[in-house]
Amino acid sequence: MDLFEYQGKQFFAQYGMPISAGEVVFSVDEALAAAERLGTPVMVKSQVLTGGRGKLGGIKFAPDMDAVREHATNILGLDIKGHIVERLWIEAASDIAEEYYMSFTLDRAAKKHLGMLSAEGGMDIEEVAASTPEKISKIWVDPVDGLTDEVAAQWVDGANLNPDAREGAIAIAKQLYASYTEGDADLVEINPLILTPEGKVHVLDSKVTLDVNAEFRHADYAQFDETQTRDEREEAAHAKGLQYVGLDGTVGVIANGAGLAMSTLDVINQVGGKPANFLDIGGGANADVMSSALQVINDDKNVKSIFINIFGGITRGEEVANGILEAMKRVKIDSPIVIRLDGTNADEGRAILAPELNDMLMMETTMLDAARKASELAAG
Amino acid sequence: MAIFVDENTKVIYQGLTGRQGSYYGGLNAEYGTQVVAGTHPKKAGTDVNGVPVYASVAEAVEATGATASCIFIPAPGVKDAVMEAAEGGIKFIVAITEGVPAHDEAWFFNKLKRDHPDVQLLGPNCPGIISPGKCNIGITAGHIAKPGGPVGIVSRSGTLTYQALYELQQKDIGVTTCVGIGGDPVPGTSFIDCLAAFEADPETKAIMMIGEIGGSAEEEAAEYIKNHVTKPVSSYVAGVTAPPGKKMGHAGAIVSGGKGTADAKMEALRDAGVKVGLNPTEAGELMAEIVAGL
């Protein structure tokens with residue numbers, strides 16, 4: 001779960017990291033009122049869950065109230081890589097002497113936490129990593145040991161920051177690591193981390209991704225979940241507890257298991273079709289789950305055909321078949337369905353479906369044939 | 001021979017008294033797995049369908065001589081359950097539970113490596129392991145696997161693991177062991193662990209590997225195959241057409257910034273001499289060709 005910049009900063013603040021005073025607003029009037037309280041100059045920053053806001057006009061410096069009005073007016077409603085700006089973060093402006101980069105994430109290959117720190121902050125760190133990797137100081141932290149004072153100091157020294165930033169950077173490194181582990185984040189990133197002319201190290205931006213698997217021990221995750229931007233289809237699926245990702249094709253997909261669902265997308269693409277979604281209904285395929293899934297797919301106006309791809313493991317073919325038929329009684333389906341049912345007791349399941357087949361409910365024995373059929377139907 | 005588990009493996013079920021644990025523990029026992037005990041701190045002295053329940057793993061190991069355990073504990077308790085198993089003397093831990101926080105996984109992976117280097121953890125978030133005809137630990141439907149050999153299977157995805165077993169069964173090809181390593185960010189057992197075990201197993205003559213987008217496990221496996229595996233390998237990588245930046249169900253299945261794409265993985269595998277299919281059926285057909293030529 002990705003956080004907005006201001007949420008990330010509030011998350012960081014819980015661990016003692018220095019952030020600027022600011023307010024989140026939804027209108028020009030609110031922006032002006034916030035700037036009045038904070039005192040100009042301020043930064044007017046679009047809050048969207050994508051990178052590269054600055055380059056696309058989503059972050060502006062406002063020296064006075066007229067500039068606040070102008071920038072807030074321009075940025076609200078702005079389209080940043082498909083994200084429409086609905087909220088702004090109005091923040092007290094900072095004087096910047098130097099810009100750094102600091103982050104922690106999991107290195108899956110090393111199976112340790114990877115810390116990256118660079119004196120070359122404020123720009124795309126992947127570019128720094130690609131062109132001048134020596135400018136990134138890296139540490140691999142064993143989760144059992146955690147980040148010790150000694151290692152934090154070595155890490156910071158390895159990045160060749162301005163000596164004035166040393167103490168502040170070490171303190172923030174420890175706080176950032178604490179936020180990452182205790183807060184159950186997949187990623188915590190500060191870019192830029194700044195050194196002010198007064199010699200203070202300060203957090204000027206945030207990028208935080210939280211691990212939703214850890215929600216059970218973080219009551220504050222719920223408030224972040226409320227502001228997640230999902231398209232309408234994803235919102236409906238999320239409410240029904242389905243693993244759904246909206247795509248822009250015409251073949252609706254229902255499969256059991258994430259791997260099989262991904263594989264289904266692959267096969268549809270291979271035969272020239274375009275999947276409308278990824279939808280994993282999990283291990284079982286009972287009537288309740290199937291009804292919810294069919295409802296979500298059917299509400300997608302782009303869908304022209306539906307491919308139900310079920311592999312029965314523990315769940316037997318006849319249970320799957322009965323689940324599909326029961327679901328079809330509950331949900332009125334507008335597009336033809338192609339079913340591929342395989343695995344445990346597939347023959348029994350197919351026998352149950354056989355008498356119900358017509359031009360709105362078809363069956364194929366293999367994944368490839370079913371994908372071809374569904375793609376042809378979607379093409380018209 | 002099978003890898004990791006066989007007909008002599010005695011298994012404890014942590015969470016046997018729960019709904020999932022009792023259901024799959026029962027199915028595993030029916031399959032012929034030596035399901036010797038369950039654990040529950042407050043239900044010692046009771047039994048589940050005749051399988052005795054002990055208060056702790058240590059007590060269950062003491063009483064039964066079990067060497068493997070299977071965890072059906074809800075996600076918040078998995079970290080403690082894994083450590084309890086290792087400290088109680090278990091050498092092969094299968095954690096089925098999905099939704100375990102990544103920080104817990106990273107922690108107990110490194111803790112086991114340091115304090116219990118002889119313990120092999122499989123999972124979390126995996127279907128388990130089956131040595132067909134001998135031992136089935138986890139949630140795989142036993143009857144979709146043909147016993148014998150010559151193929152060993154290792155897979156990152158649950159349903160595609162079943163698909164792979166089934167494709168081979170349909171072609172009358174037997175399997176020595178099928179290991180579902182799971183799609184989480186820090187899997188206890190890696191592709192490489194399984195490739196090494198299959199390479200060392202005389203009855204396994206060929207290996208089928210099912211990968212998935214995200215991370216770099218397939219690329220690392222390809223490098224390992226190139227240098228250390230002499231047996232033929234067929235493979236399939238799911239998610240060829242998954243759009244970048246979208247999380248597809250598994251914690252592991254996400255593509256970011258062009259890294260971890262299916263294309264890059266397939267290229268690395270082909271470069272290592274692996275026969276790569278574009279869908280699970282094709283990977284099965286490729287394996288059938290390999291087996292026919294053995």
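In this predicted model, A:Lys332 is exposed, with a relative accessibility of 65%, and its side chain meets that of A:Asp334 in a salt bridge with an N to O distance of 3.5 Å. This pair belongs to a broader set, since a search of the whole structure, taken over all chains, finds 31 salt bridges. In chain A, the side chains of A:Arg166 and A:Asp157 are likewise joined by a salt bridge, at 2.7 Å from N to O; A:Arg166 is partly exposed, at a relative accessible area of 30%, and A:Asp157 is also classed as partly exposed, at 38%. A further salt bridge links A:Arg350 to A:Asp342, with 3.6 Å between the closest N and O atoms, and both of these residues are buried. Through shared partners, salt bridges also connect A:Glu5, A:Lys9, A:Lys45, A:Arg53, A:Glu91 and A:Asp205 into one network.

In chain B, 7 strands form an open sheet of mixed pairing, arranged in the order β3-β4-β2-β1-β5-β6-β7. Strands β3 (47–48) and β7 (120–122) of chain B lie at the edges and have a single partner strand each, so that one side of each is left without a neighbour in the sheet. Within the sheet, strand β2 (residues 34–39) of chain B pairs with strand β4 (residues 51–54) of chain B in the parallel sense over 2 bridges, and B:Gly38 has B:Val53, in β4(B), as its bridge partner. Helix α1 (residues 19–31) of chain B packs on this sheet, where it touches β1 (10–14), β2 and β3 of chain B, and the direction of the helix makes about 160° with that of β2(B).

Key
Residues numbered from 1 in each chain as written. Chains lettered and ligands numbered in written order. Predicted model: local features only at pLDDT ≥ 70, side-chain atom pairs only at ≥ 80, totals over all residues. Heavy atoms only, no water. Pairing = 2+ DSSP bridges. Helix = DSSP H or I, 4+ residues; strand = E, 2+ residues; numbered from the N terminus. Contact = heavy atoms within 4.5 Å. Axes fitted to C-alpha atoms, helices over the stretch in contact; angles between N-to-C directions. Salt bridge = Lys/Arg side-chain N within 4 Å of Asp/Glu carboxyl O. Buried < 20%, exposed > 50% of the residue type's maximum accessible area, 1.4 Å probe, protein only.
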